[in-house]
Structures are given as structure tokens and as C-alpha cells.
Amino acid sequence: MRLSRTEGRKRGGGRTGWQRLPVTLLICLCLILAACAPPPDRSPSLDTALVEGLSAAEEVAMKIQPAGAKPAEAPARPETVAPLRLPDDFPHGRKGEVIRAGWEIFDDTPAALSAGAEHAGTTYDGNALSCRNCHLDHGARPGALPLTDFNTDRRYSPRKGLVITGEERINACLQRSLNASPLPAGSAELASLAAYLKWVADQGFAFTQEGPGVRDFPDRRADFVTGETLFYNICAFCHGGEVTGEAPPLWGPGSYGFGSDMNRLLVLAPFLAANMPPGEPELSLEEAYDVAAFVNSRKRPHARGLDSDYPALTKKPVDVPYPPYPDFFTQEQHQFGPFGPIIEYRERQRQADRWVYWVDHYRSGERDVRSAFEME
Ligand code: HEC
Ligand code: HEC
């Protein structure tokens, strides 16, 4: 006898409760799992918060994807623009000479600035580093702090809390990363460096400062022991420590200063993962996170006055390693993570501020709620 489908189901309906138990359990299990799974868009607030903190800071080496963004499409590569071949690519004539002079400073800063010091009326007092040591491939390499969107316009610097010129941004790097005195405004050296960077930016590279999102980093305190082991296995061969040898020193008096953006974990880690050792990077982002923490935990030149950086504290990136902070987390946590809790706290704080703002607004008689929120 053949049963029709409905009949079959009816018969099935005749099972006892015990027979149905496995099915019921399975359904329950599915429901429980579904309830426990995080709602799909709960965590993106993490990213948003970092975007708030960091993208406001134009000086940050990372560009975080906005909340809910699709996984990054491959960063735009300069398909139509060949890598720079210098100095052959420079234009001819007077303009080309100025650009070339800037490139020479960029390429070997101590030598060029010592030689040119008489023009600026100073002796070069910086460390052993050159601009090219960090801004790799002439300042035009994705993932290596590219300066491809450099311009001489005045731009708001959250770190300064002021609108500053391109020349001032160059001087900021000289002071913080090279521990040198700033070049005098109007000096030939400063003008030629600016002309060089402007020329690089004009070559039409499609990328700017691309970087990983915060959730690509482990949300834990960085592990110095792992970092140190990796350092001595992979890096020490070239970067022996304080001494300048084959590669620039990573700590000690000859290295970048405490106030350099390189001294921020979330800036250094992606740089290492993408670029070190040169030409054959080896570290995963997670390993780089630990190595960067180890490197940045070593002694380096301090600068005075860092506590007046980021006068609007809420715009201070979470990984700036020196106080004051707009939150109660320790300096150490700001240096070495975990950053997740800080980001979440700041996000909540931001929401709360908004709420306070709204209440004030409402009390003051303006009842248009929408306009209150749009004030943000
Ligand atoms: C120790 C590494 C290091 C060295 C050396 C270094 N920089 Fe930087 N520089 C950074 C970091 C990190 C940032 C911040 C990240 C960013 O915005 O790309 C930065 C930012 C900048 C910026 C701001 C970005 C912008 O678009 O305005 C300029 C300009 C700049 N550097 C120029 C220079 C010049 C010129 C030199 C040499 C005199 C130099 N840097 C040497 C690490 C370095
Ligand atoms: C094969 C040699 C070599 C190895 C191995 C190597 N580096 Fe480098 N590193 C260099 C050189 C050379 C530069 C300068 C690049 C330039 O000027 O083009 C550099 C630059 C750097 C810089 C930026 C300049 C500075 O001194 O602040 C950092 C930071 C850095 N390396 C860290 C590391 C770390 C961490 C490792 C291990 C994961 C590592 N490097 C492995 C050769 C090396």
C-alpha cells in the first residue's frame, strides 16, 4: 500500500511524545544557539569608535573601515603609475633641482642636513634616521606610511589642536621621529622637502594611508615575551639594538622619540607586518602586535610638552602612549592594550554626551529632537 504524503505525516503525528523528543531537542538546541549568537551588527560599534578617534586624527597611519563595511577590497594599487625611479623621474630645470634637493634630504637626512646646515643657520642635531627609513620607497609605498596625499595646504591637526601647514607637518616629524630641531620657516631645506613631497603626491598614486581595522588586531594585552623572542629570531640580525649597523636603531638615543607616531602600537604593528624584514615581510599582524609592543617598550628619547598634545582629548587615538586621557584606563593599557575595552568605553561616553546634549537642548526649549542629533 502506498501512502500519500499527507497520510504519512498524519501517521507520524501518531508518534508518542518520547518518539518526538529528539526532534524537539534539536529544535530547542537550534533556538538556544540562535539566541546566544551575537546579533549580527553588535560589534561594529568597535570600528566606529576607532574611526571617530583615529580618522579625526589625520596623522594616523591607519584607515579603518567604517562600521558594517564589506571586508576591504584590495587596497588601490597604482596600476597606472609605475614605482618611482629616482632621480631619473624628476622634471628638468630649476623646479627639478629644488625637488631633487628635497629628495636628497629625504634619502639621507643626517648627511644632507649637516651639509646644508649653514643655509639654515643651525647644526644638525637629529638622530641617525632618515625620512626614507620609515616612509619607504621614496614615501610612496602602500602600508609604509605613504605620503602620497601630502599637500602644503593648511590642515587641522588634532594633535596640535590647530590648523597647520604641510611644512609644519614635516617639522613635526623631524622633531618627533628624528629628534631634531625644526627647520626654520622659509629655509631652503624646508621648502625643498615640501617641494619633493608635493611632487610625490602629484604622481597620482591611488593609495593613501591604508591600514588594517581594529578587529584585525588581537583584543588582548600584547605579549612581550613572544615579541622579544620573535625580535631576536627575525629582526636582531639587522637591527642589533641601540647601535646603528646595517639597519637603523629601534631604541636608544639614536631612535625615534617617545612622542613619535611610530611609538604607537597600532601604527608600528601594521608597518612591521607589511614591511619587515624589507622585501620579505614575515610577521602576521598578531605577531607584529607583540613585536611592536616589545620594541616600543624599550627606552627612547623623551620629548617635553607631550601632555599638551591633543587639546581635545576625545580626539586622542586610543594607543597614544602618554597621558592625559579622556578615560580612566591606565597608561600601560593605552600603550600595550587590550584596546577593545577602551574603545567601547569611549563609544559609550560619546553616546552619553550626546544624551546630555539632547536633554540640555530639550530643556532650553528647543524641542526639535532631530536637529539636536544633527548637531553632532
Ligand atoms: C621613525 C619613523 C619616521 C621617520 C624617520 C620619519 N617619519 Fe614622517 N611620519 C612617521 C609616522 C609614524 C607618521 C604618522 C603617520 C602618518 O600620518 O602617515 C609620520 C607622518 C609624517 C607626515 C604627515 C603626513 C601628512 O600627510 O602630512 C609628514 C609630512 C612626514 N611624516 C614627513 C616626514 C619627513 C619629511 C621625514 C624626514 C625629515 C620623516 N617624516 C621622517 C614616521 C616617520
Ligand atoms: C634584512 C635586514 C632587516 C631585518 C631582518 C629587519 N629590518 Fe627593519 N629595517 C631594515 C632596513 C634596511 C630599514 C630601513 C629601510 C629603508 O631605509 O629603506 C629598516 C627599517 C625599520 C624600521 C623603521 C625605521 C626605524 O628604525 O625606526 C623599523 C621600525 C623596523 N625596521 C623594525 C624591524 C623589525 C621589528 C624587524 C623584525 C620583525 C625588522 N625590522 C627586521 C632592515 C631590516
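Me: What makes up the shell around ligand 1, by class?

Reply: In this predicted model, the shell around ligand 1 has 16 nonpolar, six polar and four charged residues. In total, 26 residues surround ligand 1, and the closest are Cys131, Cys134, Cys173, Ser177 and Asp261. Cysteine counts as nonpolar and aspartate as charged.

Me: Which helix supplies the largest share of the shell around ligand 1?

Reply: The largest share, four residues, comes from α8. Both α6 (131-134) and α8 (166-176) supply at least two residues each. The shell also draws at least three residues from each of domain 1 (44-61 + 211-376) and domain 2 (93-201).

Me: Why is α8 called roughly perpendicular to α9?

Reply: The axes of α8 and helix α9 (residues 188-201) come within 10 Å and cross at roughly 105 degrees. Angles from 65 to 115 degrees count as roughly perpendicular. The crossing angle therefore makes α8 roughly perpendicular to α9. The contact is made by Gly166, Glu167 and Ile170 of α8 together with Leu190, Leu193 and Ala194 of α9. By class, this contact has four nonpolar, one polar and one charged residues.

Me: Why is ligand 2 said to lie between domain 1 and domain 2?

Reply: Domain 1 (44-61 + 211-376) and domain 2 (93-201) both give residues to the shell around ligand 2, so ligand 2 lies between them. This shell has 19 nonpolar, two polar and two charged residues. Of the 23 residues that surround ligand 2, the closest are Cys235, Cys238, Ala247, Pro248 and Pro277. The largest share, three residues, comes from α6.

Me: How do you know whether histidine 138 is buried or exposed?

Reply: A residue is buried if 20 or more other C-beta atoms lie within 10 Å of its own. Histidine 138 has 22 C-beta neighbours inside 10 Å, and therefore counts as buried. Its place is in helix α7 (residues 136-139).

Me: What is notable about the phi of asparagine 179?

Reply: Most residues other than glycine have a negative phi. Asparagine 179, although not a glycine, has a positive phi of about 55 degrees. This residue is found in the loop between α8 and α9. With 24 C-beta neighbours inside 10 Å, asparagine 179 counts as buried.

Me: Where is the cis peptide bond that has omega of about 0 degrees?

Reply: Most peptide bonds are trans. A cis peptide bond joins proline 323 and proline 324, with omega of about 0 degrees. Proline 324 has its place in the loop between α12 and α13 (331-336). The peptide bond from glycine 337 to proline 338 is also cis, with omega near 0 degrees.

How values were computed:
Residues are numbered from 1 along each chain as its sequence is written. Chains are lettered from A and ligands numbered from 1 in the order in which they are written. This is a predicted model: local features need pLDDT of at least 70, side-chain atom pairs count only at pLDDT 80 or more; totals for chains, interfaces and linings use all residues. A residue is near a molecule or strand if its C-beta atom, placed from the backbone, lies within 6 Å of it. Domain bounds come from an automatic or database domain assignment. Axes are lines fitted to C-alpha atoms, for helices over the stretch in contact, and angles run from 0 to 180 degrees between N-to-C directions. Angles under 35 degrees count as roughly parallel, over 145 as roughly antiparallel, 65 to 115 as roughly perpendicular and the rest as oblique. Two residues are in contact if their C-beta atoms, placed from the backbone, lie within 7 Å. A residue is buried if 20 or more other C-beta atoms lie within 10 Å of its own, exposed if 12 or fewer, and partly exposed in between; C-beta atoms are placed from the backbone.
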